[in-house]
Amino acid sequence: PALPPEALDSDPGIGELALVDPDEILDAHERGELVFFVGAGASREAPSNLPLFDGLAKQLARRALQPFSKRGGIDSFIGRLEALPQGFDVHRHARDIICDPKSQFNPCHRAIVDLSGTGGAFRVVTTNYDDHLASAAHSESIDVPDTWYAPALPLGRDFTGLVHLHGSVKRPEKELVLTDRDFGRAYLTDA
């Protein structure tokens, strides 16, 4: 059932969600019908300390010695960095930023895999490029049945495991979905 308008917070923070019936959510998880969607906010807090997408774009801009702009969208901005005459490799630089050796999984990652691994099927989809969810699962001895990395993704209605929707640092850097061109390929031409 849909949430009534009064149940929704107009500006929810990370991790905040108004639930009308928590038992219904838990029952769906038990039946293997619940998918946990995890965004970049999960990797922000220490000791992960990774940037959100706009923060990643700002760091790429600094490395390319270019002013940051949200004009046209962040993915388009990153695409413009990639098209610079000097041949700035956004995929390599993004991978270097995300693969910070000091970055480790945090309590949020642990909580997500603990909840996902309890009861029903482990079904997690993340837009994060890092491998912190898998590391947290491994540290907690939680079995992740399978792992997929864009561009090779499972059918949405029939999977268990961890899906890296926008690629992963565990795969070749050219597979990271960063630029407007990457998103077009991922969602339109190669979908």
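Where does Pro151 lie? The answer comes in point 6, after a short tour of some other places worth a look. Please keep in mind that this is a predicted model.

1. **An aromatic cluster.** Let us start with the rings. A search of the whole structure finds 4 aromatic pairs. One of them is formed by Phe53 and Phe183, whose rings meet edge-to-face, with 6.3 Å from centre to centre and 80 degrees between the planes. Phe53 belongs to helix 2 (residues 53–64) and Phe183 to helix 7 (residues 180–189), so this pair ties together parts that are 130 residues apart in sequence. Phe183 also pairs with Tyr187: the ring centres are 6.2 Å apart and the planes are at 10 degrees, so this pair is stacked. Within helix 7, Phe183 and Tyr187 are 4 residues apart, which is about one helical turn. Ring pairs thus link Phe53, Phe183 and Tyr187 into a cluster. As for exposure, Phe53 is partly exposed, with a relative accessible area of 25%, and Tyr187 is partly exposed too, at 41%.

2. **A charge over a ring.** Another ring to find is that of Phe159. The charged end of Arg123 sits over this ring, 4.7 Å from its centre.

3. **Thr179, just ahead of helix 7.** Is Thr179 buried or exposed? Thr179 is buried, and its relative accessible area is 0%. You will find Thr179 in the loop between strand 4 (161–164) and helix 7. Setting aside residues up to four places away in sequence, Thr179 touches Asp75, Ile78, Gly79, Glu82, Val90 and His91. Of the elements these partners point to, helix 3 spans 74–82 and helix 4 spans 90–98.

4. **Leu84, between helices 3 and 4.** The loop between helix 3 and helix 4 holds Leu84. With a relative accessible area of 16%, Leu84 is buried. Which residues does Leu84 touch, not counting residues up to four places away in sequence? They are Ala64 and Gln66. Leu84 and Ala64 are 20 residues apart in sequence, and their C-alpha atoms are 8.8 Å apart in space.

5. **Helix 5 and its buried face.** Helix 5 (residues 107–116) has His109, Ile112, Val113 and Ser116 as its buried residues. Looking down the axis of helix 5, you see these buried residues fall within an arc of 90 degrees, so they line one face of the helix. Their cover includes helix 1 (22–30), strand 1 (36–38), strand 2 (123–126) and helix 6 (132–139). At the start of helix 5, a side-chain oxygen of Asn106 comes to within 2.8 Å of the backbone nitrogen of Cys108. Ile142 is also worth finding here: it is placed in the loop between helix 6 and strand 3 (147–149). Ile142 is buried, with a relative accessible area of 16%. Apart from neighbours within four places in sequence, Ile142 is in contact with Val113, Asp114, Gly117, Phe122 and Ala137. Between Ile142 and Val113 there are 7.4 Å in space, C-alpha to C-alpha, although the two are 29 residues apart in sequence.

6. **Two cis peptide bonds.** Now back to the opening question: Pro151 lies in the loop between strand 3 and strand 4. The peptide bond from Ala150 to Pro151 is cis, with omega near 15 degrees. A cis peptide bond also joins Ala46 and Pro47, with omega at about 0 degrees. Pro47 is in the loop between strand 1 and helix 2. Why point these out? Most peptide bonds are trans.

7. **Two residues with positive phi.** Most residues other than glycine have a negative phi. Asn49, however, has a positive phi near 55 degrees and is not a glycine. Asn49 is placed in the loop between strand 1 and helix 2, and counts as exposed at 52% relative accessibility. Ser141, not a glycine either, has a positive phi of about 55 degrees. The loop between helix 6 and strand 3 is the place of Ser141. Ser141 is exposed, with a relative accessible area of 70%, whereas Ile142 in that loop is buried.

Conventions. Residues numbered from 1 in each chain as written. Heavy atoms only, no water. Phe/Tyr/Trp six-rings, centres within 6.5 Å; stacked < 30°, edge-to-face > 60°. Buried < 20%, exposed > 50% of the residue type's maximum accessible area, 1.4 Å probe, protein only. Lys NZ or Arg CZ within 6 Å of the ring centre and 35° of its normal. Contact = heavy atoms within 4.5 Å. Arc of directions from axis to C-beta. Polar contact = N/O pair within 3.5 Å; in protein donor to acceptor, adjacent residues only side chain to side chain.
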